[in-house]
Structure formats: C-alpha cells, structure tokens
Amino acid sequence: MSEKKVPPPPVLPPSIKLTENFCLFHKGTIQGDIYICPKCKAKYCLECAKKAKLNGQLCMKCKQLIIV
Ligand SMILES: [Zn+2]
Ligand SMILES: [Zn+2]
C-alpha cells in the first residue's frame, strides 16, 4: 500500500478584518454603491441588495425587507 500524497491545504489570507464595508451577501468588501439597511444599518453592496430583493432575501442581520 502506497501512501497517497495529500496536497497541502491552501494558505489562508491574513486574518480578514470585518471592516465597516463588509457585504454579508457576497462575503466581501463592498464594491461601488452602498446599500444601508434602514433597520439595523448593516451595509451591503447596492448590487447585492438589488439581487437579494429579486431573490426575496432579507437583511442578513435583522431580516428586514430589502428596500432598494
Ligand atoms: Zn438589517
Ligand atoms: Zn455584496
């Protein structure tokens, strides 16, 4: 029985800081225009908010309807 070589795990980027401009929909830094939840003030990309609205998704934090 020959041992299978397991590839090393991918190197994780240096600790990602949860910045103010972190979009919870695409899990990354907000690009372009910002959408702010009217209830909890969570920030999202405007584009992600639009998509979320089309998909019937709610604010990831407070479940408020997305009003774009
Ligand atoms: Zn919210
Ligand atoms: Zn986004």
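The following chat between a student and a tutor goes through a predicted model of one chain and its two zinc ions, ligand 1 and ligand 2.

Student: How many helices and strands are there in the chain?

Tutor: The chain, which we look at here as a predicted model, has 1 helix and 4 strands, and if you follow it from the N terminus the elements come in the order β-β-β-β-α.

Student: And what share of the residues counts as buried?

Tutor: Of the 68 residues in the chain, 24% count as buried, and we will meet several of those residues as we go through the metal sites.

Student: OK, metals then. Which residues coordinate the zinc ion that is ligand 1?

Tutor: The zinc ion (ligand 1) is held by the SG atoms of Cys 37, Cys 40, Cys 59 and Cys 62, at distances of 2.2 to 2.3 Å, and along the sequence these donor residues follow the spacing C-x2-C-x18-C-x2-C. One of them, Cys 59, is buried, with a relative accessibility of 1%.

Student: Why is the arrangement around ligand 1 called tetrahedral?

Tutor: It is called tetrahedral because the 4 donor atoms around the zinc ion (ligand 1) subtend angles of 105 to 115°, and the rule for four donors asks that all angles lie between 85 and 135 degrees.

Student: What about the zinc ion that is ligand 2, which atoms coordinate that one?

Tutor: For the zinc ion (ligand 2) the donors are Cys 23 (SG), His 26 (ND1), Cys 45 (SG) and Cys 48 (SG), at 1.9 to 2.3 Å, and their spacing along the chain reads C-x2-H-x18-C-x2-C. Two of these donors, Cys 23 in strand β1 and Cys 48 in helix α1, are 25 residues apart, and the pair links distant parts of the chain.

Student: What's the geometry at ligand 2?

Tutor: The arrangement is tetrahedral, since the 4 donor atoms around the zinc ion (ligand 2) subtend angles of 106 to 115°.

Student: Are Cys 23 and Cys 48 buried or exposed?

Tutor: Cys 23 is buried, with a relative accessible area of 0%, and Cys 48 is buried as well, with a value of 11%.

Student: New topic: which rings form the aromatic pair?

Tutor: The count of aromatic pairs comes to 1, and the pair is formed by Phe 25 and Tyr 44, whose rings lie 4.5 Å apart from centre to centre with 35° between their planes, which is described as tilted. Phe 25 sits in the loop between β1 (22-23) and β2 (28-29) while Tyr 44 belongs to strand β4 (residues 43-45), so the pair ties together parts that are 19 residues apart in sequence.

Student: How accessible are Phe 25 and Tyr 44?

Tutor: Phe 25 is buried at a relative accessible area of 17%, and Tyr 44 is buried at 0%.

Student: And salt bridges, how many are there?

Tutor: There is 1 salt bridge by the rule used, between Lys 50 and Glu 47, with the closest N and O atoms 3.8 Å apart. Both residues lie in helix α1 (residues 46-54), and being 3 residues apart they are separated by about one helical turn.

Student: Where do Lys 50 and Glu 47 stand on exposure?

Tutor: Lys 50 is partly exposed, at 38% relative accessible area, and Glu 47 is partly exposed too, at 48%.

Student: Last one: which residues form the nonpolar patch on the surface?

Tutor: Leu 58, Leu 65 and Ile 67 form that patch, and together they have about 280 Å² of accessible area. Ile 67, which lies in the segment after α1, is exposed, with a relative accessible area of 53%.

Definitions and conventions: Residues are numbered from 1 along each chain as its sequence is written. Chains are lettered from A and ligands numbered from 1 in the order in which they are written. This is a predicted model: local features need pLDDT of at least 70, side-chain atom pairs count only at pLDDT 80 or more; totals for chains, interfaces and linings use all residues. Side-chain values use heavy atoms; hydrogens and water are left out. A salt bridge is a side-chain nitrogen of Lys or Arg within 4 Å of a carboxyl oxygen of Asp or Glu. Helices (H or I, at least four residues) and strands (E, at least two) are DSSP runs, numbered from the N terminus. Buried means under 20% relative accessible area, exposed over 50%, partly exposed in between (1.4 Å probe, protein chains only). Rings of Phe, Tyr and Trp (its six-membered ring) pair if their centres lie within 6.5 Å; planes under 30 degrees apart count as stacked, over 60 as edge-to-face and the rest as tilted. Donors are N, O and S atoms within 2.8 Å of the metal (3.2 Å for Na, K and Ca); water is not among the atoms, so sites may look incomplete. Four donors count as tetrahedral if all angles lie between 85 and 135 degrees; four count as square planar and six as octahedral if opposite donors are over 155 degrees apart and all others between 65 and 115; anything else is irregular. Patches are made of residues with over 30% relative accessible area and no salt bridge: like charges are joined within 9 Å, nonpolar side chains (Val, Leu, Ile, Met, Phe, Trp, Tyr) within 5 Å. Accessible areas come from the Shrake-Rupley method with a 1.4 Å probe; for residues, only the protein chains shown count as cover.
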